Amino acid sequence: MKFLVLVQDLRVVGSSAGVGRRSFLAKLRKAYPNAEIDVQYFILKDTEDHLDLLPVNNIVKNIVNTKRPGYITFLNRFYWRLLHESLNERYVQNQYAKIIANINYEKYDHILVTSSGLEHETILATHNLPILRKAILVFHDPYPLAWYVGYNKKPSKLDLFRLKRMIEVVNQAKTCATTANYMSHDLQNLYASKKKFYTLPHQFDVSVFNLSDTEQVVKKSKKISISYSGALMFGRNPENMLQAYGSLLSDNSNYKEQTEFVLRVKGDGAKQLMDKYKDHENIKIYDTLDFSNSYNEQVYERDILVILENGPVYCNILVGKASFIASCNKPVLCISPEKSELRSVISDKKYVANMNDVSEIKSKLKELIDARLKSNEPVYPFGNYFSDKNFKLMLDSILYD
């Protein structure tokens with residue numbers, strides 16, 4: 001059996017997409033140990049991504065030149081206003097398309113085209129190419145951005161033309177999948193697809209990472225260390241979480257003596273959050289880390305891990321860090337809107353709290369702290385959802401249904 005995977009992000013730093021795509025290749029090898037797996041890797045500049053750790057047969061690194069000529073940028077000032085189509089975007093997509101068009105795809109049994117980031121260049125670049133009819137498109141996020149839950153801008157006329165283009169791509173593809181059940185449902189309807197959208201969640205596999213760097217790890221200073229690490233965007237607001245924790249400290253001095261909350265954040269409001277809590281004894285807020293340091297900090301120095309889902313009313317994506325956190329076998333507090341992807345994955349509701357309800361967050365956090373003060377035994381909030389066996393079952397349903 002021969003697989004071809006088109007991928008944009010295999011980085012080991014700064015990207016949950018990179019962590020997920022690397023892990024996907026590791027899980028693909030475990031699911032099909034005797035298969036031939038070839039990878040076409042699309043990047044904007046040559047970087048050191050430890051590609052030797054990936055269990056694939058061949059990997060081709062394609063450096064895509066996306067610098068637009070001056071005349072394209074000039075014409076686009078008028079073009080998109082008249083025709084509601086971006087020449088800048090089309091130029092970039094065509095740079096990917098030129099490379100994809102030269103791939104000898106016919107020798108492969110299965111072709112997976114994966115997206116990373118918000119522009120979906122690899123998927124959109126397959127428009128009208130013969131490879132698309134044999135391709136499985138795997139969406140990392142919704143497209144266009146205006147339909148991303150938590151994004152606070154209304155769709156523009158340009159977004160509608162972007163949507164029309166994606167509908168054409170989806171219609172030409174063999175089949176499609178996304179990383180979340182809710183997103184599969186939403187995108188199947190958004191793209192007016194008559195074909196089922198499948199689900200293939202983010203994965204994590206430690207074997208494809210070099211995790212030797214621990215220089216920036218902050219050791220825990222209390223018996224119980226609670227952790228949140230991630231970007232503050234798309235409605236992920238830590239304020240209710242920190243308010244709940246602060247109230248818990250005020251109620252019981254024992255929690256103040258034995259617990260701490262360590263946050264690693266970036267994005268909108270991160271600096272303000274650091275300034276607000278800079279003198280707080282139990283709340284420590286730092287910049288985010290590279291993956292090696294982050295992995296070691298969360299696995300070896302933290303006791304309870306927090307996930308913030310998008311919000312405030314709905315989250316249809318699977319946050320990228322969920323599969324990694326699941327592998328830690330630690331208590332998790334998933335702070336979620338009333339309707340969310342992880343609410344459908346986590347069966348024990350003591351691990352989920354409503355992001356808009358400070359009292360519920362406080363109650364759930366107290367329960368997890370009390371339990372952790374008594375026992376360090378492994379726990380499995382996500383069940384077998386991210387297991388190798390479940391990955392193969394979900395992948396096989398896409399390949400063979």
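**Close-up 1. The second largest pocket of the predicted model and its lining.** In this predicted model, the second largest pocket has a volume of about 210 Å³. Its lining consists of Gly150, Tyr151, Asn152, Leu232, Met233, Phe234, Gly235, Arg236, Asn237 and Asp268. Sorted by class, the residues of this lining comprise four nonpolar, four polar and two charged ones. Among the lining residues is Phe234, which is not a glycine and yet has a positive phi of about 50 degrees; phenylalanine 234 belongs to the loop that runs between strand 8 (224–232) and helix 7 (239–251).

**Close-up 2. The open sheet of seven strands.** The strands of this sheet follow the order 3-2-1-4-5-6-7, and their pairing is parallel. Strand 3 (58–63) and strand 7 (197–199) each have a single partner strand and stand at the edges, so one side of each is left without a neighbour in the sheet. Neighbouring strands are turned against each other by 20 degrees on average, direction ignored. Between strand 2 (residues 36–43) and strand 3, the parallel pairing extends over six bridges, and valine 39 has isoleucine 59 of strand 3 as its bridge partner. In general, the strands of a sheet pair through backbone hydrogen bonds, in either a parallel or an antiparallel manner.

**Close-up 3. Helix 1 against the sheet and against helix 14.** Helix 1 (residues 16–31) lies across strand 1 (2–7), strand 2, strand 4 (110–114) and strand 5 (135–139), and with respect to strand 1 the helix runs at about 175 degrees. Helix 1 also packs with helix 14 (residues 388–400), at an angle of about 85 degrees and with the two axes 10 Å apart. Because angles of 65 to 115 degrees count as roughly perpendicular, helix 1 and helix 14 are described as roughly perpendicular to each other. On the side of helix 1 the contact is made by Phe24, Lys27, Leu28, Lys30 and Ala31, and on the side of helix 14 by Asp388, Phe391, Lys392 and Leu395. By class, this contact contains five nonpolar and four charged residues, with no polar residue.

**Close-up 4. Helix 2, helix 3 and the loop between them.** The axes of helix 2 (residues 70–83) and helix 3 (residues 87–100) come within 8 Å and cross at roughly 135 degrees, and the two helices are therefore oblique to each other. Helix 2 contributes Ile72, Thr73, Leu75, Asn76 and Tyr79 to the contact, whereas helix 3 contributes Leu87, Asn88 and Tyr91. The class count for this contact is five nonpolar and three polar residues, with no charged residue. In the loop between helix 2 and helix 3 lies histidine 84, a residue other than glycine whose phi has a positive value, near 55 degrees.

**Close-up 5. Cis peptide bonds at proline 144 and proline 312.** Tyrosine 143 and proline 144 are joined by a cis peptide bond with omega of about -5 degrees, and proline 144 is found in the loop between strand 5 and helix 5 (157–172). A cis peptide bond also joins glycine 311 and proline 312, where omega is about 10 degrees; proline 312 lies in the loop between strand 11 (304–308) and strand 12 (314–315).

Technical notes:
Residues numbered from 1 in each chain as written. Predicted model: local features only at pLDDT ≥ 70, side-chain atom pairs only at ≥ 80, totals over all residues. Heavy atoms only, no water. Pairing = 2+ DSSP bridges. Helix = DSSP H or I, 4+ residues; strand = E, 2+ residues; numbered from the N terminus. Axes fitted to C-alpha atoms, helices over the stretch in contact; angles between N-to-C directions. Contact = heavy atoms within 4.5 Å. Parallel < 35°, antiparallel > 145°, perpendicular 65-115°, else oblique. Nonpolar A, V, L, I, M, F, W, Y, C, P; charged D, E, K, R; others polar. 1 Å grid on protein atoms, 1.4 Å probe; cavity = no way out; pocket = protein on both sides within 12 Å on 5 of 7 lines; lining within 4 Å. Points joined across faces, edges and corners; volume = space filled by probe spheres on them.
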